[in-house]
Amino acid sequence: MPYLLLSIFFSTSLVVILRLFSIWKIKTEHGILFNYLVCCITGFIVMPDKTMFNHIGIWNGWWVCLLLGGGFILTFLLIGKSTNLLGVATTGIAFKLSFVIPTIVAILFYGDKFSITKMIGIAMAVFAVFLIADSKENNVLTEVTEKISEPTDFIHRKAWIMPFLIFIGSGITDSIFNFIQRNYTPTGYEHLVTTLVFLGAFLMGLLLFGFNRELYQWKNVLGGILLGVPNYASLYFLLLALKKSTLPPSELFPINNLGIVGFTAICGLILFKEKFSLRKSIGFALALGSIIIIGFLS
């Protein structure tokens, strides 16, 4: 449980830092790219046995980690595109509900216990996410439509698939991460796995943005440094939670996502003076209830 709580804490701090990017006028994808580089450097520094890199050639998990890292940044780009087209709420719901996929995978393929109580907790979690998500949807779609010649219904037909791809992509990356933890992470390999995942994300990001001159600005580098250390910690502690927690993945992933949702809502209330509406309050209560049901009663 301590590893899970640490992962939730550092994951929430990422949301707060990303919120500050707009204030500091840091282009998110550029700060994210340098963040991945900082994650790699952090992993190398904190790795107790750096000679492990000499064994990558005979360890068959390296390519899966790099592939997963590429999936991380591609999912992020989908989130950015969907936010521009459909607003924050629709995108946020699709992203936060993705825990359903690794939960189902864990039950079907890893023998996690299925129970009515667990399903009730997951149903409560789904409803809680809908309530906690910002109800004031930005009508970005209308603004986009006014600037182009394509009719609105055509934009809708193109845009609806973005949240679906985020839901699938985020769920698949979480499932692959659990797969790596179960099959390619022997004791002592936790830092190596985390570092290689972020290396894959950095290399993919470099291919996508490396030729953009705007990337190489000090504010992007500083934003990446600020984001990189907690980002590394969030993934590393999630890996340890999956590896050492008494909670099975079908319970751990919902609790992790709901913990981030709830803690983020509290940070928004305290740090950014966001309104805690009745709807969001009910959702927060449901989230806490679902965590109790999934984590302690199922």
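# Exercises on an all-helix chain

The protein chain has 13 helices and zero strands. The model is predicted, so please keep that in mind as you work through the exercises below.

## Exercise 1: the overall layout

Task: Work out which pattern the protein chain follows along the sequence, and what percentage of its 298 residues is buried.

Solution.
- Step 1. Reading along the sequence gives α-α-α-α-α-α-α-α-α-α-α-α-α.
- Step 2. Next, take the accessibility of each residue; buried means under 20% relative accessible area.
- Step 3. With that cut-off, 51% of the 298 residues are buried.

## Exercise 2: the second largest pocket

Task: Describe the second largest pocket by its space, its lining residues and the helices that supply them.

Solution.
- Step 1. The space in the second largest pocket is about 230 Å³.
- Step 2. The lining has 14 residues, and those closest to the centre of the pocket are Leu5, Ile8, Gly259, Leu288 and Ile291.
- Step 3. Now sort the lining by helix: α1 (2-23), α12 (249-271) and α13 (278-297) each supply at least two residues. The most come from α12, which gives six residues.
- Step 4. Finally, sort the lining by chemistry. There are 12 nonpolar residues, two polar ones and no charged ones.

## Exercise 3: the salt bridges

Task: Find how many salt bridges the structure holds, and say for the pair Lys118 and Glu251 which helices are tied together.

Solution.
- Step 1. A salt bridge needs a side-chain nitrogen of Lys or Arg within 4 Å of a carboxyl oxygen of Asp or Glu. The structure holds two of them.
- Step 2. One joins Glu29 and Lys27, with 3.9 Å between the closest N and O atoms. Glu29 is partly exposed at 22% relative accessibility, and Lys27 is partly exposed with a relative accessible area of 38%.
- Step 3. Another joins Lys118 and Glu251, where the closest N and O atoms are 3.6 Å apart. Lys118 belongs to helix α6 (residues 116-132) and Glu251 to helix α12, so this pair ties together parts that are 133 residues apart in sequence.
- Step 4. Check the surroundings as well: both Lys118 and Glu251 are buried.

## Exercise 4: a nonpolar patch on the surface

Task: Identify which residues make the nonpolar surface patch, and which helix gives the largest share of the patch.

Solution.
- Step 1. The residues are Met1, Leu5, Ile292, Phe296 and Leu297, and the patch they make covers about 540 Å².
- Step 2. Helix α13 gives the largest share of the patch, with three residues.
- Step 3. Take Ile292 as a test case. This residue is found in helix α13. A patch residue must have over 30% relative accessible area; Ile292 has 45% and is partly exposed.
- Step 4. Compare this with Exercise 2: Leu5 is part of the patch, and Leu5 is also among the residues closest to the centre of the second largest pocket.

## Exercise 5: from α5 to α6

Task: Follow the chain from helix α5 (residues 100-109), listing its buried residues, to Ser115 in the loop between α5 and α6.

Solution.
- Step 1. In helix α5, the buried residues are Ile101, Pro102, Thr103, Ala106 and Ile107.
- Step 2. Just after α5 comes Gly111, with a positive phi of about 75 degrees.
- Step 3. Ser115 sits in the loop between α5 and α6. Its relative accessible area is 14%, so Ser115 is buried.
- Step 4. Now look across the fold: the C-alpha atoms of Ser115 and Ile294 are 10.0 Å apart, while 179 residues separate the two in sequence.
- Step 5. In helix α6, you meet Ala123, which is partly exposed at 45% relative accessibility. From Ala123 to Val100, the C-alpha separation is 9.8 Å, with the two residues 23 apart along the chain.

## Exercise 6: a loop residue and a helix residue

Task: Decide whether Lys25 is buried or exposed, then do the same for Leu238.

Solution.
- Step 1. Lys25 is in the loop between α1 and α2 (28-46). Its relative accessible area is 65%, so Lys25 is exposed.
- Step 2. Inspect the backbone too: phi of Lys25 is near 60 degrees, a positive value in a residue other than glycine.
- Step 3. Leu238 lies in helix α11 (residues 218-244). With a relative accessible area of 9%, Leu238 is buried.
- Step 4. Leu238 and Thr194 are 44 residues apart in sequence, and their C-alpha atoms are 10.0 Å apart in space.

How values were computed:
Residues are numbered from 1 along each chain as its sequence is written. This is a predicted model: local features need pLDDT of at least 70, side-chain atom pairs count only at pLDDT 80 or more; totals for chains, interfaces and linings use all residues. Side-chain values use heavy atoms; hydrogens and water are left out. On a 1 Å grid over the protein atoms alone, a cavity is a set of points where a 1.4 Å probe fits but cannot get out, and a pocket is an open set with protein on both sides within 12 Å along at least five of seven lines; lining residues have an atom within 4 Å of a point. Grid points are joined across faces, edges and corners, and a volume is the space filled by probe spheres set on the points. Helices (H or I, at least four residues) and strands (E, at least two) are DSSP runs, numbered from the N terminus. Ala, Val, Leu, Ile, Met, Phe, Trp, Tyr, Cys and Pro count as nonpolar, Asp, Glu, Lys and Arg as charged, and the others, Gly among them, as polar. Buried means under 20% relative accessible area, exposed over 50%, partly exposed in between (1.4 Å probe, protein chains only). Patches are made of residues with over 30% relative accessible area and no salt bridge: like charges are joined within 9 Å, nonpolar side chains (Val, Leu, Ile, Met, Phe, Trp, Tyr) within 5 Å. Accessible areas come from the Shrake-Rupley method with a 1.4 Å probe; for residues, only the protein chains shown count as cover.
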